[in-house]
Amino acid sequence: MGIDLKLENFSWCGECVTRPLIIAGPCSAETEEQLLLTARALSANGVKIFRAGIWKPRTRPNAFEGVGSVGLKWMRTVKEETGMITATEVANVKHVYEALKHGIDILWIGARTSANPFAVQDIADALKGVDIPVLVKNPVNPDVELWIGALERINNAGITKLAAIHRGFSNYDKTLFRNDPQWQIPIEIRRRIPDLPIITDPSHICGNRQLLYDVSQKAMDLNFDGLIIESHINPDKALSDAQQQLTPDALKSMLDRLILRESGAEMEVELNLAELREQIDKMDDKLINLFEKRMQVAAEIGAHKKENNLTILQSKRWDDMLKKRLNLGSKKGLSDDFITKVFRAIHQESINKQTAIMNAQSNKKDA
Ligand code: PEP
Ligand code: MN
């Protein structure tokens with residue numbers, strides 16, 4: 001059985017109903033000037049909804065934690081001057097009251113907050129009787145029920161203008177992404193709550209500018225409804241998330257390159273392909289992590305060889321190792337040619353690492 005959230009359709013976005021809905025603005029409000037310059041440029045480029053974080057949830061203390069309530073006054077100026085709709089993150093009851101008092105139009109609940117049902121319930125209670133759109137980011141951990149639970153708590157408080165934001169999931173292993181997209185999770189949200197708009201947050205998925213286009217295109221190919229992307233008038237000087245922000249003009253050219261396809265039969269194919277490609281990407285990332293670990297062990301072996309005055313190349317060992325791998329490979333249907341090429345390359349990289357270690361150690365002795 002599906003989940004029956006009492007939702008309004010996406011029309012609360014006003015003019016922005018046409019796909020994709022775009023929300024853009026800096027990770028954080030920093031100064032009134034930075035906010036206004038960014039908003040003016042975005043507005044001139046056709047963006048209608050402006051985001052900025054006023055209170056920033058930072059992983060470690062002593063990082064920039066947002067300007068606080070003073071930034072809400074700047075948001076009001078942005079709204080008055082550009083006519084843009086403003087959006088900010090709320091993480092507790094005080095944030096809700098302050099944001100509402102200053103006329104913020106859309107609230108979002110951040111990934112760390114959605115993971116905490118007590119916090120979400122407090123926010124939901126503070127929103128009773130208020131008619132405002134609320135966007136709920138996925139919790140940091142990949143838990144579909146927890147994400148749905150947060151949406152339900154807000155919906156139970158009477159909020160019907162709801163959308164989900166997919167911002168990826170934290171991961172201990174190093175991958176290409178800052179937060180692993182795990183597309184099958186927003187796809188499952190779509191299956192369970194078909195009328196809920198889903199907005200992709202490529203900025204927090206990618207963590208860097210280079211990957212933003214591919215992730216945004218993928219979100220469009222998967223038929224998600226919109227994009228929330230960080231944009232800063234001077235990204236390199238940003239006080240938070242500098243690597244992932246785009247100038248308003250770079251954002252515009254990226255959005256202009258997006259290809260919007262008709263949803264339909266091809267969508268099914270796209271969905272299956274996307275899932276399979278995601279599996280491949282994950283396996284490739286795992287291979288790289290394994291290579292890294294393997295080279296660390298090879299480096300340790302190098303140090304032992306040095307201590308015991310052994311040569312780096314132990315031909316017998318290499319010969320035995322290759323035979324074993326060829327044997328296993330053929331049982332798994334992998335050709336001798338493939339196994340030989342792969343293991344030659346791995347072996348060569350190990351030798352390079354060991355040689356580097358030996359040289360470093362002898363240089364130290366020479367010094
Ligand atoms: C943000 O949007 O700036 C933010 C803090 O996002 P998240 O909650 O996804 O980390
Ligand atoms: Mn950010």
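**Exercise 1. The ligand and its surroundings**

How far is an oxygen atom of ligand 1 from an N or O atom in the side chain of Arg 51? Then describe the shell around ligand 1 by class.

*Solution.* The structure is a predicted model, in which local features need pLDDT of at least 70 and side-chain atom pairs count only at pLDDT 80 or more, while totals for chains, interfaces and linings use all residues. Residues are numbered from 1 along each chain as its sequence is written, chains are lettered from A and ligands numbered from 1 in the order in which they are written, and side-chain values use heavy atoms, with hydrogens and water left out.

Step 1. The distance from an oxygen atom of ligand 1 to an N or O atom in the side chain of Arg 51 is 2.8 Å, which falls under the heading of a polar contact (a pair of N or O atoms within 3.5 Å; within protein, one must be able to donate a hydrogen and the other to accept it, and residues adjacent in sequence count only if both atoms are side-chain atoms).

Step 2. Oxygen atoms of ligand 1 also lie 2.9 Å from a polar side-chain atom of Arg 112 and 2.8 Å from a polar side-chain atom of Lys 137. Taken alone, ligand 1 exposes 300 Å², and the protein buries 97% of that; such areas come from the Shrake-Rupley method with a 1.4 Å probe, and for residues only the protein chains shown count as cover.

Step 3. There are 13 residues around ligand 1, of which Arg 51, Lys 56, Arg 112, Lys 137 and Arg 167 come nearest; a residue is near a molecule if one of its heavy atoms lies within 4 Å of it. By class, the shell holds 4 nonpolar, 2 polar and 7 charged residues, where Ala, Val, Leu, Ile, Met, Phe, Trp, Tyr, Cys and Pro count as nonpolar, Asp, Glu, Lys and Arg as charged, and the others, Gly among them, as polar.

**Exercise 2. The nonpolar cores**

How many residues has the largest nonpolar core, and which helix gives the most to this core?

*Solution.* Step 1. A nonpolar core is a set of buried Ala, Val, Leu, Ile, Met, Phe, Trp, Tyr and Cys residues joined through side-chain atoms within 4.5 Å, and buried means under 20% relative accessible area, with exposed over 50% and partly exposed in between (1.4 Å probe, protein chains only).

Step 2. The largest such core has 69 residues, and those with the most contacts inside it are Phe 50, Leu 127, Val 134, Ile 154 and Leu 162. Helix H6 (residues 144-156) gives the most to this core, with 6 residues; helices (H or I, at least four residues) and strands (E, at least two) are DSSP runs, numbered from the N terminus.

Step 3. Leaving aside neighbours within four places in sequence, Ile 154 is in contact (heavy atoms within 4.5 Å) with several residues, including Ile 109, Val 120, Leu 127, Val 134 and Leu 162. Apart from the largest core lies another, of 13 residues, among them Trp 12, Ile 23, Ile 106 and Ala 163.

**Exercise 3. Gln 244 in its loop**

Is Gln 244 buried or exposed, and with which side chains does its own side chain make polar contacts?

*Solution.* Step 1. Gln 244 is placed in the loop between strand E8 (226-230) and helix H10 (248-257), and Gln 244 counts as buried because its relative accessibility is 1%.

Step 2. The side chain of Gln 244 makes a polar contact of 2.7 Å with the side chain of Arg 178, and another, of 3.0 Å, with the side chain of Asp 241. Beyond four places in sequence, the residues in contact with Gln 244 include Ser 203, His 204, Asn 208 and Glu 230.

**Exercise 4. Two residues with positive phi**

Where in the chain are Gln 182 and Asn 223 found, and is each of them buried or partly exposed?

*Solution.* Step 1. Phi of Gln 182 is near 40°, a positive value in a residue other than glycine. Gln 182 is found in the loop between strand E6 (162-166) and helix H7 (184-192), and with 15% relative accessibility Gln 182 counts as buried.

Step 2. For Asn 223, which is likewise not glycine, phi is positive and near 70°. Asn 223 lies in the loop between helix H9 (212-221) and E8, and Asn 223 is partly exposed, with a relative accessible area of 22%.
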